[in-house]
Amino acid sequence: MQPLTWLYVPGDRPERFAKAAASGADVVLVDLEDAVAPADKDRARDAVAEYLAGPLDGPPVHVRVNAGDRLAADVHALAGLPGLAGLRLPKVESTDELDALVPLLPDGLRLWPLLESARGLSEMDRIAAHPRVGGIGLGEQDLISALGITSVPALDHLRLRAVLAAATAGLPAPPMSVHPDVRDDDGLRDTTRHGRGLGMFGRSVIHPRQIPVVREAFAPTAAERDRARAIVDAAGATTSGAIALDDGTFVDAPIVERALRVLDLDARLAG
């Protein structure tokens with residue numbers, strides 16, 4: 001089941017790990033990079049390693065490791081621990097970086113590259129197609145700074161590129177980046193709905209109070225739910241050929257599949 005909410009928690013705050021696991025997030029994303037001051041990074045890595053070594057009760061745990069000189073040490077310390085479900089890699093710019101990590105990874109552990117630079121964007125398709133990649137994402141704040149982006153349409157262009165690259169590689173739709181203002185529920189809701197319309201799925205959050213807002217934004221509306229139910233009922237057991245609806249429109253198999261996904265998501269969020 002594709003995660004809907006990814007909750008960041010600072011790696012140097014181990015007292016928050018269990019609270020994050022109990023927050024209702026689909027994935028706990030422990031951060032060793034931006035959320036941790038340079039002087040605290042070794043201590044944070046040790047705390048995360050201790051947490052991942054013990055029995056865990058809750059959702060999958062991913063770790064955003066550091067880039068640059070600390071990358072290999074972080075991966076070496078964490079990759080074999082039983083509680084680690086995935087590694088999120090910041091500032092990835094080539095598949096060579098991913099290839100260099102493969103010898104350190106146990107079988108089945110997937111990488112989740114973040115594309116945060118012009119060079120990373122230029123290599124997006126190849127990075128997404130790497131056999132150890134489980135999903136991709138955009139580091140939007142870094143991209144805004146690096147590229148001088150000030151318009152939403154320009155950022156949407158990059159988001160759509162990520163959606164297409166993920167789909168081409170057979171990956172899940174990329175989740176949205178964080179909304180940094182934890183008190184701005186309206187802005188979080190509106191921008192999440194906007195990203196949903198671009199084909200993105202789910203969102204990274206930085207506070208548990210943002211989780212229900214993201215879930216609400218991705219929940220099918222009553223009209224979407226009713227339309228999906230009408231399509232599925234009209235299709236019955238048929239999954240091919242044109243199907244006539246009561247309103248006179250015709251739909252085919254891809255529309256039926258989308259309707260089924262809408263109903264599945266509605267049931268998941270209702271549950």
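The lining of the second largest pocket comprises 13 nonpolar, 6 polar and 9 charged residues. Here Ala, Val, Leu, Ile, Met, Phe, Trp, Tyr, Cys and Pro count as nonpolar, Asp, Glu, Lys and Arg as charged, and the others, including Gly, as polar. The model is predicted: local features need pLDDT of at least 70 and side-chain atom pairs pLDDT 80 or more, while totals for chains, interfaces and linings use all residues. Numbering starts from 1 along each chain as its sequence is written, and side-chain values use heavy atoms, without hydrogens or water.

The second largest pocket has a volume of about 530 Å³. A pocket is an open set of points on a 1 Å grid over the protein atoms alone, where a 1.4 Å probe fits and protein lies on both sides within 12 Å along at least five of seven lines; lining residues have an atom within 4 Å of a point. Points are joined across faces, edges and corners, and the volume is the space filled by probe spheres set on them. The pocket is lined by 28 residues, and Y8, D31, R64, V178 and I206 are the closest to its centre. Two or more lining residues come from each of β1 (5–10), α1 (17–21), β6 (137–138) and α7 (140–147). Helices (H or I, at least four residues) and strands (E, at least two) are DSSP runs, numbered from the N terminus. The largest contribution to this lining, 4 residues, is that of β1.

The strands come next. An open sheet is formed by 7 strands, in the order β6-β5-β4-β3-β2-β1-β7, with parallel pairing. Strands β6 and β7 (203–205) are at the edges; each has a single partner strand, so one side of each lacks a neighbour in the sheet. Two strands pair if DSSP finds at least two bridges between them.

Within the sheet, β1 and β2 are parallel and share 5 bridges. V9 stands opposite V30 in β2, and P10 has D31 as its bridge partner there. Strand β2 (residues 27–31) also pairs with β3, in the parallel sense, over 4 bridges. In this pairing, L29 has H62 as its bridge partner in β3. The chain passes from β2 through helix α2 (residues 41–53) to β3 in a right-handed β-α-β crossover. Right-handed means that, with the strands pointing away from the viewer, the path from the first strand over the helix to the second runs clockwise. V30, already placed opposite V9, has V63 as its bridge partner in β3.

On its other pairing, β3 runs parallel to strand β4 (residues 84–89), joined by 4 bridges. R64 stands opposite R88 in β4. Helix α3 (residues 71–78) completes a right-handed β-α-β unit with β3 and β4.

In a regular strand, side chains alternate between the two faces of the sheet. From β2, V27, L29 and D31 point one way and V28 and V30 the other, and all are buried. Buried means under 20% relative accessible area, exposed over 50%, and partly exposed in between (1.4 Å probe, protein chains only). With 5 of its 5 residues buried, β2 is largely enclosed by the rest of the structure. Strand β3 (residues 61–64) is likewise covered on both faces: V61 and V63 are buried on one side, H62 and R64 on the other.

The largest pocket holds about 700 Å³ of space. Its lining has 23 residues, with F201, R258, R261, V262 and L265 nearest the centre. Helices α9 (185–197), α11 (222–235) and α12 (253–270) supply at least two lining residues each. The largest share, 8 residues, is from α12. By class, the lining has 12 nonpolar, 3 polar and 8 charged residues.

Helix α11 also contains D226. D226 counts as exposed because its relative accessibility is 52%. Its C-alpha is 9.7 Å from that of A259, and 33 residues separate the two in sequence.

One loop residue has an unusual backbone angle. Most residues other than glycine have a negative phi. K91 is not a glycine, yet its phi is positive, about 55°. K91 sits in the loop between β4 and α4 (95–101). At 34% relative accessibility, K91 counts as partly exposed.

UniProt, in an unreviewed entry, lists residues 6–208 as "domain: HpcH/HpaI aldolase/citrate lyase". Its positions are in the numbering used here, feature names are shortened, and annotations may be inferred rather than shown by experiment. This span is 40% helix and 15% strand, and its end C-alpha atoms lie 10 Å apart.
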